[in-house]
Structures are given as C-alpha cells and as structure tokens.
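Work through the exercises below with the sequence and the model open. Each task is followed by a solution in steps.

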Amino acid sequence: MSPLLARLHRGLILFNGSLAGLAMVLIFLLVAGNAFARYTFGGSITWGEDTAIYLMIYGLMFGMSWAYLQDKHIGFDLIRRLLPPRWVRWQAVAVDLIVLVVGIGLMVSAVEFIASRGGRTSSSTGMPMWLFQASMLIGGALLCLSALVMGALRLCDQRGEEASS
C-alpha cells in the first residue's frame, strides 16, 4: 500500500469522525439547552429544533463516510463466507464500485434538489435552505471519495483480505 494512500485513508477517517462527533456534541448541547430553556424560562429557542435536525443530517453524512472507510457498515457477510477466498477481495471491490455509483446518484439528486428548492429560506433560522440541502451533496462526494480510497486499498493489498476485514 502506498504511503500517500494510507495517509489519505487515515486523514479521511479523522476528518469524517471529527465532524460527525462535533455534530453529535452540537445536537446534544442544542437539544439540552432547548429543554432547559423550555422548563426554566417557559420558552425555547425558535430555531433549535430545525437546526438539530440539520445537524443530524450533516452528522449522518460524515458518519456514513467514516463507517465506510473503516468497514464498519452493514454488510452481507453470508455472501462473503460462501465465496472462495480468492474472490473475497473482488467482491469487496465490486461493493466499492456500487457505493461509488450510489454516491454519484446522491450528488446528482442533491444538485437537482438544490436547484429546485435551494432558493427558499428557512422560516425558523432565516438561512437559505441550500446550506442545509448541501449536506446531501457533501455526503455523496465523501461517499464517492471513500469508495475510491477503499477500492484502491483493496486493489493495492497483495494479501487480499486485510483491507476488507
């Protein structure tokens, strides 16, 4: 495995994991602060619930890529166990290609969604909706990049199974 590919892999894991974790912390603080304000002051932050939802979507997109880069996603292990050992790596590469196509599809859908509804403004935050809808575009791009990196790792691995287990 090339040192550049290994650094890119580790860097993407750190980037996605950090941003997914940050989104979770912000969601917790926002929801807890909103609940505290509701029960102590009788009112809550008007933009709190919507912002928590948008943060959850961003966190999901970063977490999706983080999990894929570590092979901690849902997989069909039954199929892998039925394959001869020499085919396991190629099955994983085929999955990487499918995930790449799904990521591209997510990006195309996001562009169409932003083009049709991105000009709207959120009533609770006052911010343009494309800021929140861009999470799909970012998530698709990160998923594509993750699939490319994982596919390259699997193809560069001479032992066959290490990058996929």
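**Exercise 1. Contacts along the chain and overall form**

Task: Find what share of the contacts in the chain with a separation of 6 or more comes from residues 24 or more positions apart, and describe the fold and extent of the chain.

Solution. Contact means heavy atoms within 4.5 Å. Among contacts in the chain with a separation of 6 or more, 74% are between residues 24 or more positions apart. The model is predicted: local features need pLDDT of at least 70, side-chain atom pairs count only at pLDDT 80 or more, and totals for chains, interfaces and linings use all residues. Residues are numbered from 1 along each chain as its sequence is written, and side-chain values use heavy atoms, with hydrogens and water left out.

Next, list the elements. Helices (H or I, at least four residues) and strands (E, at least two) are DSSP runs, numbered from the N terminus. The chain has five helices and zero strands, in the order α-α-α-α-α from the N terminus. Its radius of gyration is 19 Å, well over the 15 Å that the globule rule gives for 165 residues, so the chain is more spread out than a compact globule. That radius is taken over C-alpha atoms, and the rule is 2.2 Å times the number of residues to the power 0.38. Along the principal axes, the C-alpha atoms fill a box of roughly 65 × 35 × 30 Å.

**Exercise 2. Surface and burial**

Task: State how much of the chain is buried and what its accessible surface comes to.

Solution. Start with the cut-offs: buried means under 20% relative accessible area, exposed over 50%, and partly exposed in between (1.4 Å probe, protein chains only). By this scale, 35% of the 165 residues in the chain are buried. The accessible surface of the chain is about 10200 Å², and carbon and sulfur atoms hold 72% of that surface. Areas come from the Shrake-Rupley method with a 1.4 Å probe; for residues, only the protein chains shown count as cover.

**Exercise 3. Two residues of helix α5**

Task: For Ser 135 and Leu 143, decide whether each is buried or exposed, and list the contacts beyond four places in sequence.

Solution. Take Ser 135 to begin with. Ser 135 sits in helix α5 (residues 130-156). Its relative accessibility is 2%, so Ser 135 counts as buried. Outside its neighbours within four places in sequence, Ser 135 touches Ile 57, Tyr 58 and Met 61.

Now Leu 143. Helix α5 also holds Leu 143, which is buried at a relative accessible area of 6%. With neighbours within four places left aside, Leu 143 is in contact with Met 64, Ser 65, Val 99, Val 102 and Gly 103. Leu 143 and Met 64 are 79 residues apart in sequence, but their C-alpha atoms are 7.4 Å apart.

**Exercise 4. Two valines of helix α4**

Task: Which of the classes buried and exposed applies to Val 93, and which to Val 101?

Solution. Val 93 lies in helix α4 (residues 85-117), and Val 101 is found in helix α4 as well. Val 93 has a relative accessible area of 10%, so Val 93 is buried. Val 101 has 57%, so Val 101 is exposed.

Then compare sequence and space. Val 93 and Thr 46 are 47 residues apart in sequence and 46 Å apart, C-alpha to C-alpha. Val 101 and Gly 140 are 39 residues apart in sequence and 9.6 Å apart, C-alpha to C-alpha. Apart from neighbours within four places, Val 93 contacts Gly 151, Arg 154 and Leu 155.

**Exercise 5. Aromatic pairs**

Task: How many aromatic pairs does a search of the whole structure find?

Solution. Rings of Phe, Tyr and Trp (its six-membered ring) pair if their centres lie within 6.5 Å; planes under 30 degrees apart count as stacked, over 60 as edge-to-face and the rest as tilted. The search finds four aromatic pairs. One of them is the edge-to-face pair of Phe 15 and Phe 62, at 6.0 Å centre to centre and 85° between the planes. Phe 15 is in helix α1 (residues 3-41) and Phe 62 in helix α2 (residues 48-69), so this pair ties together parts 47 residues apart in sequence. Phe 15 is partly exposed at 42% relative accessibility, whereas Phe 62 is buried at 10%.

Phe 36 and Phe 41 also form an edge-to-face pair, at 6.3 Å centre to centre and 90° between the planes. Both Phe 36 and Phe 41 are exposed. Finally, ring pairs join Phe 15, Tyr 58 and Phe 62 into a cluster.
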